[in-house]
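Me: I should like to understand how labels are justified when a protein structure is described. May I put some questions to you about the structure shown here?

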Amino acid sequence: MEPFSDLPPEPLEPFTRRECEILLLMAQNHSNYEIADQLFLSLNTIKWYIKRLYGKLEVHTRSEAVKRAAVLNLLSADPAAEASLSGFPSRLPAWTTRFVGREHELNDLTRLVWNEQVRLVTLLAIGGMGKTRLALACAESWQDRFRDGVFFVPLTSLTLPDQLLFAIAGRIGCVFQADKRPPKRQLLDFLSGKNVLLMLDNFEHLLESSPVVSEILEAAPEVRVLVTSRERLNLVAESVFTLSGLNYPTQNGDNLFSYAAIRLFLQTAKRVQPNFIPDDPNSVMRLCQLVQGMPLAIELAASHIRLLSTGEIVSEIERSLDFLGVTARDLPERLRSIRAVFEWSWGRLTAEEQAVFRRWAVFRGSPAREAVTVVTGASLPTLSSLVDKALLWRNPLTHRFETHELLRQAAEEKLEQAGEVASIRARFSRFYLSLLQARQTHFQDSRQIDAVAEIRHDVPNILQALQWAVQERNYALLNPVLHSLWLYYHISGQLQDGWTVFSEVGTTLQESQPDPRSKGVLGALLAYQARLCVELGHHDMADWLADQSQPLLDHSGTDDDRAFLALTRGWRNMLAWRATEAIRPHFQRALALYQKSGNMWGTALALYGMGGSCFGRLGVDEPNLDEARLFTEQALAIQQTLGDVHHLARTFKQLGMIADQAREYDRGEQWTLESLRLNQLLGNRLRQAGDLNNLAVSALNQCEFDKAIRYGQESLTIYRNSGKAEGILQALGNLAGTYRRAGQYVQAHTYAAEGVALARGTEHTNWLINCLLTLGWCARAFGAYDEARQHFAQVVQIGASSNEPQDMIEGLIQVTAVALEQRNLSDAQQMLAQADKMAREADYAPGLACVHELMGNLAYVEGEIVQARELLERSLSYFESGAAQRLLSEYEQNEHLVTNFLLLAKVELAAGQADAAHNDYRKALTVAWQTNNIPAVLRVLSAIAEELQAHSRHESTAGLAAVVAYHPATYAVDKKRMRDLLENHFPQIPAQAVTVSGQHQNQMQLASLVTSLLAQDR
């Protein structure tokens, strides 16, 4: 929308000087941009003028406008002739530089000036913010909207309040008469009935004369006044428009040239040095950040570009405020440096105002009124006065106070000069650390959401208080607040920020002079760092930090500190998929210590950890789900009493995992969705991603692939945005597995390959192995057997290097499967012997059952039918058992059941037992179809097709073979067999017809085929 598009319509008036200037430039074929550049106006303002000209000239195009203007003799280049066309005088100064940015501010200010309810607007800001330039841009756009003129009245040079009357009169053409009326009366009479805009520039030193403005407004109803000032006039009719700096980029990656602060710097630098090209765009961004977009500071900084690079200018600004100054003769003394700007305002403060503002220098960010009052001793009237003088302002959204960073730095020097630094810092630290300590119980109960939102604004000041407390060795103040600070980062999900903060505080603490009192504080701090490392997935670092923390806490820590460290060790071992015996003792120790100290919040977390420890290693240890549910429900009861929403969400999530493992999927989904709801309420995106990932896994176990992919993609998006490597790997691994099981091998390969690239060289070996296995399975599906062997061999190597026999067994099993598909029987025998030995030594039941499954397959291929049946029945017995149900997911269990039934069918056929074979085929097809395992369905169909062909049932064979041969989810080995079958036994069927038929087999056709087969007796 154009700046003035929603303003009320008005009658057309005579052509103004500005309109004639624009018409002349249009006639000279200048573009809108070039016209804006020459007249120092914004592009939107030029567009508005041209639109208005079209209306006055009753035309629709540029060429028509120029022709019409020539007929009316409006294209004279004579300034006097142009001026004569205007119906009123113009009294606005010309500028030698282009107006940059401020589009939103100009629109807002223009609307405010034109508001019928507003007649006095004060543009309020500290010196150097560009008040005058913005006000002039606004006045420029209104020149032809005031019947009797727009007048600029500069007040800087005035020294006495009475001079205001004469300054205004001189500008508007009011000549005082030799009658009995006093000058004020004559000015009021002159303005009565006039429709003018008065722009009174730099009013702050004439505030005693402000009643004159009220009298003008009362005497002249059609007069409006636009004031620029460093201090508000405090008049009843006054509307204040507060001006801050130009917009500037806050982070790398932004489009730098879209920011007004950047454009102003470049414009000024090119004026100083016409061939200027920024050597480092990031240093220009940093410069604008340091001065917070203040136009004067930007121009002062750019004036040094002849001698210094932008990086050197940044260094000088960071070193000293006095760098921002020039000796330009055409600048007022009060605008030749930022220090001059500050000193001018400082000199107008009362002693009390000076005391409050110099103490303000200890703040960072935007403090609340309570903090300002306690730390600076400010009364409400003093705060109000500092706001009126534009040194402070109150953010209307946060209701907190702010100031410009350059002013804060100048105030900091005043604080040092006053000798108050130590006392004010101590007061500041006590306030903020006491505030944080007081919020600890809030973080642990139903008030935690509000507490996080409140503390978020105070974090910069809390961190400053923490650093000063460390430097002052105030350990009594430090120790109680560390837990609250960790809770804030833990609940808000800002884990990386928390790690950075705790690391910096720890460095400061360790570099300070040795003090026995610091041991307990340092031990607790290291424990919190270790916990953050666990959550960020840096497990080895977590172990090192915990080892450093343990002796310090054993010697000087509290029971709660020692309990927290025990919790950290327990969670670290749980996330590393370690055995139950390596997890539970830590949670038992934490539970005992928390119960001893009466800490119910910690007790709940320890019980939650005990519940988690009952899971054991997925696929390795049989979980005790009853015990897991008991501990977790005890934790839930305490957390519900406390109202601890954050940890309630985690407990609901764990209950969902317990229900899923018990195959109570509906109940598990309800628990997990409740966890997701609470994490959405908390705004914790990482926890939401974890919930979505669990929902994806649950959907996968139920073979609801579309649902699993949808949840998995949502989870991956959040993890990518957060940059959490472990989360990204988890989502990639699960998505890859889902696509592979759905028979979408290309997508599976893409996600698995990304996961492998991300996991290599990290400690996330579990997800590296997960993705390598998927790559191997995809390669098998594509028929790329050498590639498949490489991926599976890497799994064996990683398992050997990390001393994880289960991983080695899994890798050996998959290498064996590839060897069998290639009919490389000697390799298969060798690999199976290794896998069998390792599975027995590790007492790894699922691995041993898989070995028996493959041994049965090998025996069948070698013609050892009796041995094959024995081995396959042994494998089948395990996969049908409750032990397999407890250890494996439903999908994994059923996938092995399909394989065993299929192999048994082949063995029965070889033994001449056709009825038993058909029964096994039916079982395999039933399980595969009920679990939506399309690759397994196709594998069974290929075997049935071969049997049908062997019995010369050609019509049925052709249909089955075509479906399998051309279905995208079919493994390459089955695809080749079926295509060979079609070519060798059905040459009468055109290949093109079979191909087309196969390519168009959809799920409904496949369903019809399977249903038909299952309905047959044989």
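Reply: The answers below concern a predicted model.

Me: What makes the chain more spread out than a compact globule?

Reply: The chain has 50 helices and eight strands. Its radius of gyration is 40 Å, whereas the globule rule gives 31 Å for 1018 residues; the value is well over the rule, so the chain is more spread out than a compact globule. Along the principal axes, the C-alpha atoms fill a box of roughly 135 × 85 × 50 Å.

Me: How many of the residues are buried, and what share of the exposed area comes from carbon and sulfur atoms?

Reply: Buried residues account for 55% of the 1018 residues in the chain. The chain exposes about 43,400 Å², and carbon and sulfur atoms supply 51% of that area.

Me: Why is the pair Arg439 and Glu454 called a salt bridge?

Reply: The side chains of Arg439 and Glu454 meet at 2.8 Å, N to O. The cut-off is 4 Å, so the pair qualifies as a salt bridge. Arg439 lies in the loop between helix H20 (421–438) and helix H21 (440–443), and Glu454 lies in helix H22 (residues 448–471); the pair therefore ties together parts that are 15 residues apart in sequence.

Me: Why is Arg439 called buried, and why is Glu454 called partly exposed?

Reply: Buried means under 20% relative accessible area. Arg439 has 16% relative accessibility, so Arg439 counts as buried. Partly exposed covers the range between 20% and 50%; Glu454, at 28% relative accessibility, therefore counts as partly exposed.

Me: How do you know that Arg789 and Asp827 form a salt bridge, and where do the two residues lie?

Reply: The N to O value for Arg789 and Asp827 is 3.4 Å, which is within 4 Å, so this pair also meets the definition of a salt bridge. Arg789 belongs to helix H38 (residues 785–801) and Asp827 to helix H40 (residues 825–842), so that the pair links distant parts of the chain, 38 residues apart. Arg789 has a relative accessible area of 21% and is partly exposed; Asp827, at 21% relative accessibility, counts as partly exposed.

Me: What separates Asp836 from Arg840 along helix H40, and what joins their side chains?

Reply: Asp836 and Arg840 are four residues apart in helix H40, which means that about one helical turn separates them. Their side chains meet in a salt bridge of 3.1 Å, N to O. Asp836 counts as buried at 14% relative accessibility, whereas Arg840 counts as partly exposed at 49%.

Me: How many salt bridges does a search of the whole structure find?

Reply: The search finds 44 salt bridges. Some share partners: Arg364, Glu405, Arg408 and Glu412 are joined in this way into one network.

Me: Why does Arg663 have no salt bridge?

Reply: Arg663 is found in the loop between helix H31 (645–661) and helix H32 (665–682). The nearest side chain of opposite charge, that of Glu890, is 4.6 Å away; a salt bridge must be within 4 Å, so Arg663 has none, although this residue is buried.

Me: Which side chain makes a polar contact with that of Arg663?

Reply: The side chain of Gln893 does so, at 2.6 Å. Leaving aside neighbours within four places in sequence, the residues in contact with Arg663 are Gln885, Leu888, Ser889, Glu890 and Gln893.

How values were computed:
Residues are numbered from 1 along each chain as its sequence is written. This is a predicted model: local features need pLDDT of at least 70, side-chain atom pairs count only at pLDDT 80 or more; totals for chains, interfaces and linings use all residues. Side-chain values use heavy atoms; hydrogens and water are left out. Buried means under 20% relative accessible area, exposed over 50%, partly exposed in between (1.4 Å probe, protein chains only). Lys and Arg count as positive and Asp and Glu as negative; His and the chain ends are not counted. A polar contact is a pair of N or O atoms within 3.5 Å; within protein, one must be able to donate a hydrogen and the other to accept it, and residues adjacent in sequence count only if both atoms are side-chain atoms. Contact means heavy atoms within 4.5 Å. The radius of gyration is taken over C-alpha atoms; the globule rule is 2.2 Å times the number of residues to the power 0.38. Accessible areas come from the Shrake-Rupley method with a 1.4 Å probe; for residues, only the protein chains shown count as cover.
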